[in-house]
Every structure is written in C-alpha cells, then in structure tokens.
Amino acid sequence: MSVIMTMRVSGDPTRFEETVAAEAEAIGRIMDVAKRNGLIAHRWYGSDGEFMAVDEWPDQESFQAFMEQAQPDIGPVMEAAGVTSQPSVTFWRTLDTGDAVGWGA
C-alpha cells in the first residue's frame with residue numbers, strides 16, 4: 001500500500017511560488033527524478049508563514065531515494081525561496097475506516 005508524505009517548510013509561500021516559477025528548469029529536473037522514483041501524486045499548499053508538499057509514494061524508501069538524487073537541485077531552490085530551516089517530513093499510512101472518498105477509494 002502506498003504512503004502519503006507531508007513535508008512542512010517555514011517560509012513565505014508567495015516567495016516560494018515566485019522562486020519555483022523562476023527556476024522552471026530545475027523544477028523540471030526535480031519532477032523527472034521524482035517520477036523515475038515512483039511519485040504517484042504531488043501538490044504544494046501554503047499558509048501563513050509556511051508551505052507544505054503533500055505527495056503519494058509507493059513507499060518511504062522511494063521518497064528517500066528521490067531526495068538523495070534530487071538534492072543538488074532541491075537545495076538551491078529552497079535556499080532561493082528563503083528557507084533556512086530543515087523541512088519536517090512525516091509519512092502517513094492509510095487507515096481502513098470504510099469512509100474513504102476520492103483517490104480511487
């Protein structure tokens with residue numbers, strides 16, 4: 001069963017959006033590496049003073065392999081976006097509660 005990964009980062013979501021737009025080539029390379037490592041789904045969300053990626057991966061190891069391979073591009077993008085602290089990464093497993101909606105439930 002796949003896992004959901006959340007990665008919370010302190011920073012300005014608007015600045016992050018601007019940086020990602022300006023770094024389209026690096027973002028393309030990052031996404032290529034993610035897809036090669038099995039990325040199933042990906043979205044960024046922003047709130048006051050932080051932003052968060054929500055991904056679906058086949059397993060935790062696939063995400064970790066992606067991060068190792070894509071770090072040469074991820075680090076500079078995060079630095080340009082003004083991120084100064086380490087992201088907080090959490091892996092979530094699906095609970096069998098019988099009330100799932102969406103995502104192929």
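Let me start at one end of the sheet: in strand 4, the bridge partner of Val3 is Arg93. Please keep in mind throughout that this is a predicted model.

Val3 belongs to strand 1, which covers residues 3-10. Strand 1 and strand 4 run antiparallel, and 6 bridges join them. Strand 1 also pairs with strand 3, residues 50-57, again antiparallel, through 8 bridges. Within that second pairing, Arg8 stands opposite Met52 of strand 3. As a general point, side chains in a regular strand alternate between the two faces of the sheet.

Stay with strand 1 for a moment and look at Ser10, which is placed in that strand. Is Ser10 buried or exposed? Neither word fits, because its relative accessible area is 44%, and that makes Ser10 partly exposed. Leaving out residues up to four places away in sequence, Ser10 touches Gly49, Glu50, Val83 and Ser85. The C-alpha atoms of Ser10 and Phe51 are separated by 6.6 Å, although these residues are 41 residues apart along the chain.

Next, the charged side chains. Side chains of opposite charge can pair when their charged atoms come close. How many salt bridges does the model have? The count is 3.

One of them is between Glu50 and Arg8, with the closest N and O atoms 2.6 Å apart. This pair links distant parts of the chain, since Glu50 is in strand 3 and Arg8 in strand 1, 42 residues apart. Glu50 has a relative accessible area of 24%, so Glu50 is partly exposed. Arg8, at 42% relative accessibility, is partly exposed as well.

Then there is Arg29, which forms a salt bridge with Glu25, the closest N and O atoms being 3.2 Å apart. Arg29 and Glu25 are 4 residues apart in helix 2, residues 24-36, so about one helical turn separates them. Arg29 is partly exposed, with a relative accessible area of 36%, whereas Glu25 counts as exposed at 63%.

Arg29 also forms a salt bridge with Asp73, and here the closest N and O atoms are 2.8 Å apart. That pair links distant parts of the chain: Arg29 is in helix 2, Asp73 is in helix 3, and they are 44 residues apart. Asp73 has 18% relative accessibility; buried means under 20%, so Asp73 counts as buried. Through shared partners, the salt bridges join Glu25, Arg29 and Asp73 into one network.

Now the aromatic rings. There are 7 aromatic pairs in the model. Take Phe63 and Phe91: their ring centres are 5.5 Å apart and their planes meet at 70°. Why is this pair called edge-to-face? Because planes over 60 degrees apart count as edge-to-face, and 70° is past that cut-off.

Phe63 lies in helix 3, residues 60-80, and Phe91 in strand 4, residues 88-93, so the pair ties together parts that are 28 residues apart in sequence. Phe63 is buried at 5% relative accessibility, while Phe91 is partly exposed at 25%. Both rings belong to one aromatic cluster, together with Trp57 and Phe66.

Last, a polar residue in helix 3, namely Ser62. Ser62 counts as buried, at 13% relative accessibility. The side chains of Ser62 and Asp59 are joined by a polar contact of 2.7 Å. Leaving out residues up to four places away in sequence, Ser62 touches Asn37 and Trp57. Trp57 is the residue we have just met in the aromatic cluster.

Conventions: Residues are numbered from 1 along each chain as its sequence is written. This is a predicted model: local features need pLDDT of at least 70, side-chain atom pairs count only at pLDDT 80 or more; totals for chains, interfaces and linings use all residues. Side-chain values use heavy atoms; hydrogens and water are left out. Rings of Phe, Tyr and Trp (its six-membered ring) pair if their centres lie within 6.5 Å; planes under 30 degrees apart count as stacked, over 60 as edge-to-face and the rest as tilted. Helices (H or I, at least four residues) and strands (E, at least two) are DSSP runs, numbered from the N terminus. Buried means under 20% relative accessible area, exposed over 50%, partly exposed in between (1.4 Å probe, protein chains only). A polar contact is a pair of N or O atoms within 3.5 Å; within protein, one must be able to donate a hydrogen and the other to accept it, and residues adjacent in sequence count only if both atoms are side-chain atoms. Contact means heavy atoms within 4.5 Å. Two strands pair if DSSP finds at least two bridges between them. A salt bridge is a side-chain nitrogen of Lys or Arg within 4 Å of a carboxyl oxygen of Asp or Glu.
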